[in-house]
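Colleague: I would like a close look at one part of this model, the enclosed space inside it and what surrounds that space. Please take it in one connected account.

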Amino acid sequence: MLDPFRISVGGRFVETPETFEVLDPATEQVLSWAPDCPADLLDEVIEGARTAQRVWHEDESGRRQALRDVSAVLRAHADALSDILTREQGRILADTRGEIDASAWWLEQVAAMEIPRYVPLDDDGGRVEVRRRPHGVVAAITPWNYPILLAVAKVGPALLVGNTVVVKPSEYTPLTTLRIGELLADVLPPGALTVVSGGGSLGARMTTHPGIDMVSFTGSIPTGVAVARAVAPTLRRVSLELGGNDASIVLADADVDRVVDGVFDSVFEDCGQACIGVKRLYVHADLYDDVVDGLVARAERTRVGSGLDPHSEMGPVNNRAQLDRIIELTEDAARHGARILSGGRRLDRSGYFIPPTIVTGVEEGVRLVDEEQFGPVLPVMPFRDVDDAVARANTGPFGLGGSVWTRDRDRAQQVASRLECGTVWINHHKRVHPAVPFGGLKMSGLGTESGTAGLEEFSSPQAVYDRT
Ligand code: NAD
């Protein structure tokens, strides 16, 4: 068990009247306790962030150095942070270590990004320069699947353009983010970045708090809709990175081994708990049996166990509610005629373990295909006609990511341009990069993270007309 965690406010550790348990999904035992941030402490944190922002936004080179300093802290503590992350999230150590390393690297990349400014007009009437103004204080609300990378994807650009940030991680995975908040107490000016913890009601309070200028939210579609409603009366800025149901289309000329390994890794490396993992696989009928056989073989070879065990290749699902949902969707599919070719049920041991589950015999109209399962279950469906596969991929309210697998680059590009989603991968699925804009179409999101567009999301244009 780990010692209780604390909220660090301006370098001071604050005791809260209430705490909440955080469970280890591999054991279902209490891992530690996180502070439940009360309303008056949230007021104090946001007031501190407002005060800090007045100075913070004036020193661009100082902010760039600060991001590099935060990155150095993540690197210096990567072992300890990934250990906590594996215990609270469940993913295997190599993977959570990868998340911490990627987060450190991400911040370094962001620190070097140019903040857009341009001159759209320079004539007899004067010179006009368009610069970016930060919104002020950003509330960054994150989910439990990649708590650190998803926070960093907000914090980096938000801080760089001159905002200060209050981060609220998921109540399922608050610990690593809280520890980073503690570690940064000596690194950043007080109020620049504060981590608070609590449940959905704390998130809701942040979205309506008068001291918050922007809400940057990553999580499920229903919560995203609630956030949009909450910010509407004051028109405060909002960006929503929401759920996905990514379809992957395998054309008849694809390399089967590459598809099997690429898709399998994309889905199961994080136990199916990525917003942009493959969640529906459409395979041309000529390759269908080979791809299904390959996926089942990989599934049966996968060693499922505690993320701390170096022999494990896949850890548990993060929480009980999610486990129950995955079982429910799988059982519902079975009732509708699905064949469960591997996995399909919880392991007979403590911990939220479900082995990689490959499902055939389903199609649109079955919940497992229509909804975001967000777990280690992959429905695989055959098609003959590419137009049909594209139409099926585009069905439904989601529009986050998609992929196409083929040896034919031109064909891949044609299919890619027809997919209704914010990101398309060709012959892989899931890479993201700080220089590349990321966001969902349709109900998968509103607004953009990363890239120049991401910097713009955390700021507003200010046009300065100059006649001196
Ligand atoms: P969730 O919506 O349940 O919770 C996300 C966060 O919102 C948590 O911190 C939670 O405490 C907070 N919250 C809950 N109610 C709130 C409210 N009324 N107001 C404000 N905040 C509130 O999501 P989750 O189950 O933690 O995460 C899984 C979901 O996140 C999946 O749908 C997944 O696809 C999505 N996701 C999207 C992206 C992306 O970039 N598009 C990335 C990762 C995860």
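Colleague: By class, how many nonpolar, polar and charged residues are in the lining of the largest cavity?

Modeller: The model is a predicted one, and what follows should be read as such. The lining of the largest cavity has 14 nonpolar residues, 1 polar residue and no charged residues. This cavity holds about 140 Å³ of space. It is lined by 15 residues, and those closest to its centre are Val152, Val155, Ile180, Leu184 and Leu193.

Four elements each supply at least two residues of that lining: helix H2 (60-76), helix H5 (147-160), helix H6 (175-183) and strand E9 (193-195). Of the contributions to the lining, that of H5 is the most, at 5 residues.

H5 also leads in the largest nonpolar core, where it accounts for the largest share, 9 residues. That core has 74 residues, and the ones with the most contacts inside it are Val165, Val166, Val167, Leu188, Val196 and Val215. In soluble globular proteins, nonpolar side chains tend to be buried together. For Val215, leaving aside residues up to four places away in sequence, the residues touched are Ala139, Ile141, Thr207, Val227, Val231, Arg236, Arg237, Val238 and Ser239. Apart from this core lies another, of 58 residues, with Ala254, Val283, Ala299 and Val404 among them.

Strand E9, which supplies at least two residues of the cavity lining, belongs to an open sheet of 6 strands with mixed pairing. The strand order is E9-E8-E7-E10-E11-E19. E9 and strand E19 (445-446) are the edge strands, each pairing on one side only. E9 runs parallel to strand E8 (residues 164-168), and 3 bridges join the two. Within this pair, Val167 stands opposite Val195 in E9; Val167 is also one of the residues with the most contacts inside the largest nonpolar core.

The second largest cavity can be set beside this one. The structure holds 5 cavities of 30 Å³ or more, and the second largest has a volume of about 110 Å³. Its lining also counts 15 residues, of which Arg280, Ala393, Gly401, Glu420 and Cys421 are the closest to its centre. By class, that lining has 6 nonpolar, 5 polar and 4 charged residues, whereas the lining of the largest cavity has no charged residues.

Methods: Residues numbered from 1 in each chain as written. Predicted model: local features only at pLDDT ≥ 70, side-chain atom pairs only at ≥ 80, totals over all residues. Heavy atoms only, no water. 1 Å grid on protein atoms, 1.4 Å probe; cavity = no way out; pocket = protein on both sides within 12 Å on 5 of 7 lines; lining within 4 Å. Points joined across faces, edges and corners; volume = space filled by probe spheres on them. Nonpolar A, V, L, I, M, F, W, Y, C, P; charged D, E, K, R; others polar. Core = buried A, V, L, I, M, F, W, Y, C linked by side-chain atoms within 4.5 Å. Buried < 20%, exposed > 50% of the residue type's maximum accessible area, 1.4 Å probe, protein only. Contact = heavy atoms within 4.5 Å. Pairing = 2+ DSSP bridges.
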